Amino acid sequence: MGDRGRGERRARFHRSAALALTLAAAPACVHFDNLEEPIELATHAGDWRDQVIYQILVDRFADADYGNNYGYAPDHMARYHGGDWAGIEQNLDYLQELGVTALWISPVIKNVDTDAGVDGYHGYWAQDLTATNPHFGDLAALRSLVAAAHEREMLVIIDIVTNHLGQLFYYDINLNGQPDILIQESGKFGKPVLHTTEYDPDFDPRGIQAFTSLGEAGPAPIIFQHDPATNHMPPLPVIFQDPAVYNRKGRTYNFADPDQLLHGDFPGGLKDVDTSRCDVKQAMVDSYARWIELTDADGFRIDTVKHVERHFWRFFTQRVRQRLAEQGKKNFFMFGEAFDGDDWLVGSFTRSDYPDAPTQEQLDAEQACAAEAGGPAITGDQLDSAFYFPQYYQVIRDVFQNGDATQKIADLWAQRPMNYGTAPTAGGVGLAPADIPVNFIDNHDVPRFLFGVADRPAAERRALLHNTLLLLFTAQGIPCLYYGTEQEFAGGNDPANREDLWGSGYATDGATFRLIRRLVDIRKDRPALRRGAVNVVWASPHTGDESDAGVIAFERQGGDAGGDYALIVINTNQARDASTLFEDTVMTVSAPPGTALVDVLASGGGTFTVAGDGTLGLTLPPVSGAILVPQGS
Amino acid sequence: MRDAIDVIVLPSDKPIDVHALDRHDARKCCSVGSIVRGRSPPTRPSRRPSLASGTLFWPPRWLLLGAALALSSARAALAEPADPAEPADPSATVDPSETGEPDAPAESEAPEPAPPDEPSAQESTPATPTPASAPATEGPAPAEDTDESEKVKPHTAGDDDTTTAGQRPPDYADGFHFGSYGRVIAGGDATGRAPKNADIVARGSRMDESTYAELELRREDYWEKTGVRTRIVATTAFAHPVFHYNGDFNARLAVRNLYLEERDLGVAGLSFWAGARMYRGDDIYALDYWPLDNLNTIGGGVRYDFKTRTTLKLHAGLNQPTDPFYRQSVLRSPVHNQLGATEVEILDRQKLVSSARVSHVFGVGETGGIKLVGYGELHWVGAGQRELDAMNYQDLPSDLGFVAGGELSLFTGKRSTHLNLYGRYAHGLAAYGEWGAPSQLALDLTSKGAHEYVFALGGNYEVGPFGLLLGGYFRNFRNASAPEDFDDLTEGVILARPQLWLGKKRLFGLALEGSYQAQQRGVAVEQDDGTFKALFGQMGRVGIMPFLSPGGEGSYQRPHIRLMYMLTVRDAGARSLYPADDVFSRRGIDHFIAVGAEWWFGSTSYFRD
């Protein structure tokens, strides 16, 4: 009995102790580490020329959190598919295996959820600049991704849009308080029937006008929608609920018209913000710098920069740099997208010499705004770099896909110092914009490279892709790889070019995946390929039977590459062999005579010796290339 | 999102809320019995309350009741309340036939027919072929929710448990009890179309009412320790269509009662209740209409039966008619950046309805009497805010209304013969009725100025094999907006149903029914001579209804199996109340043919105690 009593007492004691321990541990269980951990900004980026950017459309990369798959429809390309930030984090091994070093992720902020049956999965339909897109995760997930990337010495670039917000209001043209599609004219007497949607009416330089059957009735009021189910809700922060902060001129249909370019709504009803306003400038800085302060990300990719005034970019980029630098985030990289083949135009957003030639009055106004917002005076600095769309059109498309003369490459590159500027931005990444264009062969707004050559045999398509990738990884600038390229995705125009990466099984043994990895490795090994200046040593104006038709050869050396040297020779000719010579002229290189150059790309590693007169004659098969470096270097 | 906005009825010229009408009609059809003031049916005849639909299972109750109350009244009323400490043995009520109420001579003299569901009781009182007129018991007032029966059979110790079988409520024994009211109709017009209520007034003939049934489960307990009786009532109701009509397993189901009542709580004659309850007084069976008091709320009340055959009842309850006047939900984004949308009740105000009713019965002769009823209601709704359009809010002020009315009942105490006269005035919020949501508001967005007055009569007379049911009312409603409009109306109906019971046991019967109804509305109609007159429609109906009555004679004797034919003649004014392509808009003459059944037994709808 006594033993039993002691046993019972012991058991009671054990139960009580267990309960006490449980209660003591409880507070720890309710601690949300990811949410409560303070973020400390730091400079994670070194030389941005060393980076290989990988562009990710978050919704299509990987789905690791089924809890945020709200209203998704993965069978339809224009709908949410389920990808999220957790999915990216979960697949960092894959990215590391590929060799990329910087992740450009699509916009992180809350979007219009769906509009006319199309979802805002891409992220460019901003509704709330202060909240995350819940389809991709919460702030903790985003922070976790950035932190995980940093742990692997990878950088994160966040995509942002300042030109417009989503389709959040309509123009009440007929003053009836509801969105309509209006039909005007009868189609008789030579007058066409006109359809006007109040969501997206055509540009009117006076601002969209209301009208009735009796004629115009003054400026059409704009009415914000309130539909939580589709998140057509008034924008945030609150300043964007003021109609005055929008240009309200309707949809741009002629991009050559400067007024439309800058003040028109972006096609699709995306409402153009009046970025000339000082309060808007500051609101954009506050909204977007905050995301860096919240996540410690390393750069911005900025959408639709050509639709925004340059004085905005001067204010925005400088204030963002200053604000982040004060908190320990330096070397913050901002590159902009101007979807345009006009090299001058694209470059005009990185030059610091006021390419828009503002009047003194305009400059005074600019400084007045700067003073009003606080902080130092505004200089001419703008973006650090540009998404190199002119190269996409004139080189990737025209030369590598369509066989145009390689002289176009040389000509384009030659303009870059002038068009993009050679002076690094103050407090920026310390590099001349002309030296760090963000190169790409395709992206989410254009058909994938392979779609552009879909009419060729399969083997030829891959060769063309590989040859173009060779250019991407050896040209001066920062290579940017669109997700799925490594898996040879071949989708056409948006949204067909936004395939689910999980469809590939994240294979790492494909020919293109391995090639990219190899190019990354070569680039990593060769400072000249990352940091060297560029010198075109052979470009051909020919596209016919000429011996050099299709050849482009350029050297990478100098700059910050030390004594490293690389000669890249590419034959873009899709029909025949081509050589670095034409008639009596042979390519001259700057490598010393007698230098033995070895092709580090070829598996066999062929060797070529610079002749005594400094020339180097090479013949390459169709659609092929070589990276020649001094033997033993 | 912009939900509901278009159905908010604003003061002036807004269109009538069709949806609201639907809802109201639906309610009526379930026999709530009230007229939706201000939006009377005819406007949209097709959705009218009506006959077709609904209602009333009540009439009988008083019959039954009456019986109970019947005669016992006088004496009973004077009897001393029971000593709560020494309650009668409730078990005594188990078998009515054995009841031996010592002091209920009146009852024995005029044994009331037992409720139809109590064959034994009926058998025990075969001598009273005529169900005691009593419903009237308390007066002709058939239905009172409260029954005066209690007055009649006072709280003398044990006596309400020992009333004679025929006068007793179905069953007083502790335990579970079941009751029901029901009617089922199969029929249509001469072309085979489904039956449809044809009255142009809110309450007309019952012959073309649609199928409706209540199933009631009740728990009775007597607590010997305290002398308190408790009753828990749960009544469900089903409305047309039922499964055998459309094969649909979905039923139109309502919970009509769900309350607990405590009687003789501490003081004999004092009772309390709380819960969801139909709370009403006397009806006009022929019209399925409670002209004076008919409330449906969730709340509670108290009642006290004086020894002097006077009863006082007070009640207060809440309800919320489904209407944007009371409730508006809007979609909002979920908190903390969660996905999707969530509903928020931006307007969610309830209506507080309180009522007071005092009644007194003056005995006349051995079985007859006169009942006087004074009645009042107070309606109140708090201020609120609704959204007219996105983020465009409108403040709604609080609103008030009241009802004042009375009833005079004359009854013989024999064979349910009685005549009830009602007068009722409602103002403001109350003018729109219990379930009606104010429309056509005043400029301050209240129902101020809306009013309604009703004069009604109902009665029954039986002699030998003959019976005559009567019903009629005159009603005048004006909504709160000053200008006359379609919702402003004046209407009336008079209906008579003579009946004849045949056969030795009077198992068969033949009823004829004739009615005239008319309605005038506040819209001008151009006449042939180019002048304008207020819209005026009128209609006459005659019907014949042979029936089988296993319980024998009596206007309120049920069950019935019956055949029905009714001829309806409507004038151009009446036809104009229906929209184009509604058959009633085209037909000057209509035929209704049906077979049906009606029953009631054993539910609180038919007895009070």
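**Figure 1. I53(A) and its partner across the strands.** In this predicted model, I53(A) sits opposite C480(A), a residue of strand β20(A). The two strands involved, β1(A) and β20 (residues 478-482) of chain A, run parallel and are joined by three bridges. On another strand, β2 (residues 102-105) of chain A, there are four bridges to β1(A), and this pair runs parallel too. Here Q55(A) is the residue to look for, since it stands opposite W104(A) in β2(A).

**Figure 2. Strand β1 of chain A, covered on both faces.** Which residues of β1 (residues 53-56) of chain A are buried on each side? I53(A) and Q55(A) are buried on one side, and Y54(A) and I56(A) are buried on the other. Zooming in on I53(A), and skipping residues up to four places away in sequence, you find it touching V100(A), A102(A), W104(A) and I157(A). Its list of contacts also takes in V438(A), I478(A), P479(A), C480(A) and L481(A).

**Figure 3. The open sheet of chain A.** Pull back a little and β1 turns out to be part of an open sheet of eight strands, paired in parallel. Reading across, the order is β18-β17-β16-β7-β2-β1-β20-β19 (chain A). Which strands stand at the edges? They are β18 (385-386) and β19 (438-440) of chain A; each has a single partner strand, so one side of each has no neighbour in the sheet. At the β18(A) end, strand β17 (residues 333-336) of chain A runs parallel to β18(A), with two bridges between them. F335(A) faces S385(A) of β18(A) across this pairing.

**Figure 4. The largest nonpolar core, and another one apart from it.** The largest nonpolar core counts 160 residues. Inside it, the residues with the most contacts are I53(A), Y54(A), L103(A) and I157(A). Helix α8 (residues 278-295) of chain A supplies the largest share of this core, eight residues. Another core lies apart from it and has 26 residues, including Y285(B), A456(B), L495(B) and A574(B).

**Figure 5. Helix α9 of chain A, largely enclosed.** Helix α9 (residues 310-326) of chain A is 17 residues long and spans 24 Å from its first C-alpha to its last, close to the 24 Å expected at 1.5 Å a residue. Of those 17 residues, 13 are buried, so α9(A) is largely enclosed by the rest of the structure. Look just past the end of α9(A) for G328(A), which has a positive phi of about 100°.

**Figure 6. Helix α6 of chain A and the residue that follows.** Helix α6 (residues 139-151) of chain A has 13 residues. From first C-alpha to last, α6(A) covers 18 Å, close to the 18 Å expected at 1.5 Å a residue. Which residues of α6(A) are buried? They are A141(A), L142(A), R143(A), L145(A), V146(A) and A149(A). Just after α6(A) comes E153(A), with a positive phi of about 60°.

**Figure 7. A286(B), a buried loop residue.** Between β6 (270-280) and β7 (294-305) of chain B runs a loop, and A286(B) is in it. Is A286(B) buried or exposed? It counts as buried, because it has 28 C-beta neighbours inside 10 Å, where 20 or more is the cut-off. Leaving out residues up to four places away in sequence, A286(B) touches R206(B), G458(B), L469(B), L470(B), G471(B), L495(B) and R497(B). One of these, L495(B), also belongs to the core of 26 residues. As for N479(B), its C-alpha atom is 28 Å from that of A286(B), and the two are 193 residues apart along the chain.

**Figure 8. Where chain B touches chain A.** The contact involves 12 residues of chain B and 15 residues of chain A. On the chain B side, six of the residues are nonpolar, four are polar and two are charged. For orientation, chain A has 17 helices and 30 strands. Its radius of gyration is 28 Å, close to the 26 Å from the globule rule for 633 residues, so chain A is as compact as a globular protein of that length. Buried residues make up 49% of chain A. Chain B has nine helices and 23 strands, and 56% of its 609 residues count as buried.

Definitions and conventions. Residues are numbered from 1 along each chain as its sequence is written. Chains are lettered from A and ligands numbered from 1 in the order in which they are written. This is a predicted model: local features need pLDDT of at least 70, side-chain atom pairs count only at pLDDT 80 or more; totals for chains, interfaces and linings use all residues. A nonpolar core is a set of buried Ala, Val, Leu, Ile, Met, Phe, Trp, Tyr and Cys residues joined through C-beta atoms within 7 Å. A residue is buried if 20 or more other C-beta atoms lie within 10 Å of its own, exposed if 12 or fewer, and partly exposed in between; C-beta atoms are placed from the backbone. Two residues are in contact if their C-beta atoms, placed from the backbone, lie within 7 Å. The radius of gyration is taken over C-alpha atoms; the globule rule is 2.2 Å times the number of residues to the power 0.38. Ala, Val, Leu, Ile, Met, Phe, Trp, Tyr, Cys and Pro count as nonpolar, Asp, Glu, Lys and Arg as charged, and the others, Gly among them, as polar. Two strands pair if DSSP finds at least two bridges between them. The expected span of a helix is 1.5 Å times one less than its number of residues.
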